[in-house]
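Colleague: I would like to go through this model with you, one helix and one sheet. Shall we start?

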Amino acid sequence: MPEANKKKSVAVPPASPPPAALGKTNAGSEVTRRSFFSWLSIGWIAFVAATGGFFTMMLRFFYPNVLFEPVQTFRAGYPEDYQVGEVDLRWKGKYGTWVVRESEGIYALSTVCTHLGCTPNWLSAEQKFKCPCHGSGFRKTGINFEGPAPRPLERFRIVLADDGQIIVDKTKKFQQEKGQWVDPEAFLKV
Amino acid sequence: MSEKKGLLKRLAEGQVWTSIFRGGGVPKSRRQRMMVILNSVFLHLHPVRLPKHAVKLKFTWCMGGLSFFLFLILTISGILLMFYYRPTIEYAYVDIIDLAEQVPFGIMREIHRWGAHAMVITVWLHMFRVFMTGSYKPPREFNWAVGVILLLLTLLLSFTGYLLPWDQLAIWAITVGSNMARATPFLGSEGPGAALLAIGDINFVTMASDVRFALIGGRFLGEATLLRFYVLHCIGLPFIIMIFMAVHFWRIRKDGGISTPM
């Protein structure tokens, strides 16, 4: 009977003997070499799983569910709020965006330098963006022309909301070198 | 019969002394001196005996020892700075100014800063010396690997400490430095392979979920970055580097003592 129980561990015997942990040893609960190794492997698997689970928790811990940062998509007022030919600095600090109004339309430039990620300054006298870190220069369009920057500034998605306000969506970027500036959402015609 | 013993001798044979330092009083023989080293958790990391010619300054430059010395200086001065420095955007910069101008011994912050510069230099020179004397060769190849990890940890300590003054130099230096993490293969939002981990239009490795985010705690540098760097600088990295340092020193002894000139 004990032999049969050993093979079919799923089937619980009707009158199970008291657990070995209570200290009463009998022939049936003796630790065999085989059971020792199976318990050992179960123990190791449980240990590895618990450790792995904990390390996964540790990794996830570094990605909070709420970010206390300015939102990625914001309303930037009406097209009439912007002067033609001007680089508007009002969203630079909070949203990292320059809004540029030209006679045909409006585009939103990212303030992140394409060299190493500093924030350039708009020099209106020289009509260029100049990065203070390593001297990269960009035209008003965002095209790089001096310094180490390898590619133009990125543009953000810019569309009109139903109420006529401008919406700048930073989650969608348009890169000139990939030919994406011709996308209708990269340039808001007004 | 009853000789009058000196105070030092009575101390050395008393219960207090002998319970702390095993080996029976003042070491007299070479064996007893060896036991003093082996029975101390701190000293046993160090070789029991050094060959005279191995500690020639010309050969070792003492760069390993100086690195450790500077580490101790940095630990002590760093703990002192922690009593005044608050890692928030509001206070970090003014607390540094305060430490220099108002807190007694304003030089403490300079000791920490210059000590950090010096440690980076001595660690590099130590590596250079070990390379030039061939001390990385078997049986010391594992300790060389441990040393490379220690070098990396030293640089990371330097990098994380760089941000804490929260001045323009710090912010832009860490902006530039952490942008490197964007290019990590698969784990960085602009790294090779990051675009593969996407379903349709939805990218899984973005600026808010890549390895750079874990480092700086946001899409851009901010309050979270300062706090993360502070914790890493004061607790996380020193904890890890001390474990590796213990292994590094202990392995010198285990690998046959300090390497000697051929």
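Modeller: Two residues count as in contact if their C-beta atoms, placed from the backbone, lie within 7 Å. Keep in mind that the model is predicted.

Colleague: Which helices of chain B do the buried residues of α5(B) pack against?

Modeller: Begin with the buried set, which includes G64(B), L70(B), F71(B) and L81(B). Those buried residues make the packing contacts of α5(B). Their partners in chain B are α6 (92-101), α7 (107-132) and α11 (223-254).

Colleague: Why do the buried residues of α5(B) line one face of the helix?

Modeller: Buried here means 20 or more other C-beta atoms within 10 Å. S67(B), L74(B), S77(B) and G78(B) are among the residues that pass. L72(B) and I79(B), on the other side, are exposed. Seen down the helix axis, the buried residues line one face because they fall within an arc of 150 degrees.

Colleague: How far does α5(B) reach from its first C-alpha to its last?

Modeller: The helix covers residues 63-82, which is 20 residues. At 1.5 Å a residue, 28 Å is expected. The model comes close to that, with a reach of 28 Å.

Colleague: Now chain A. Which are the edge strands of the open sheet?

Modeller: Four strands form the sheet, with antiparallel pairing, in the order β5-β6-β7-β8. An edge strand here pairs on one side only. That gives β5 (121-123) and β8 (144-146) of chain A.

Colleague: Which residue in β8(A) stands opposite F138(A)?

Modeller: Strand β7(A) spans residues 137-139. It pairs with β8(A) in the antiparallel sense, over two bridges. Opposite F138(A) stands N144(A).

Key:
Residues are numbered from 1 along each chain as its sequence is written. Chains are lettered from A and ligands numbered from 1 in the order in which they are written. This is a predicted model: local features need pLDDT of at least 70, side-chain atom pairs count only at pLDDT 80 or more; totals for chains, interfaces and linings use all residues. The expected span of a helix is 1.5 Å times one less than its number of residues. A residue is buried if 20 or more other C-beta atoms lie within 10 Å of its own, exposed if 12 or fewer, and partly exposed in between; C-beta atoms are placed from the backbone. The arc is that of the directions from the helix axis to the C-beta atoms. Two strands pair if DSSP finds at least two bridges between them.
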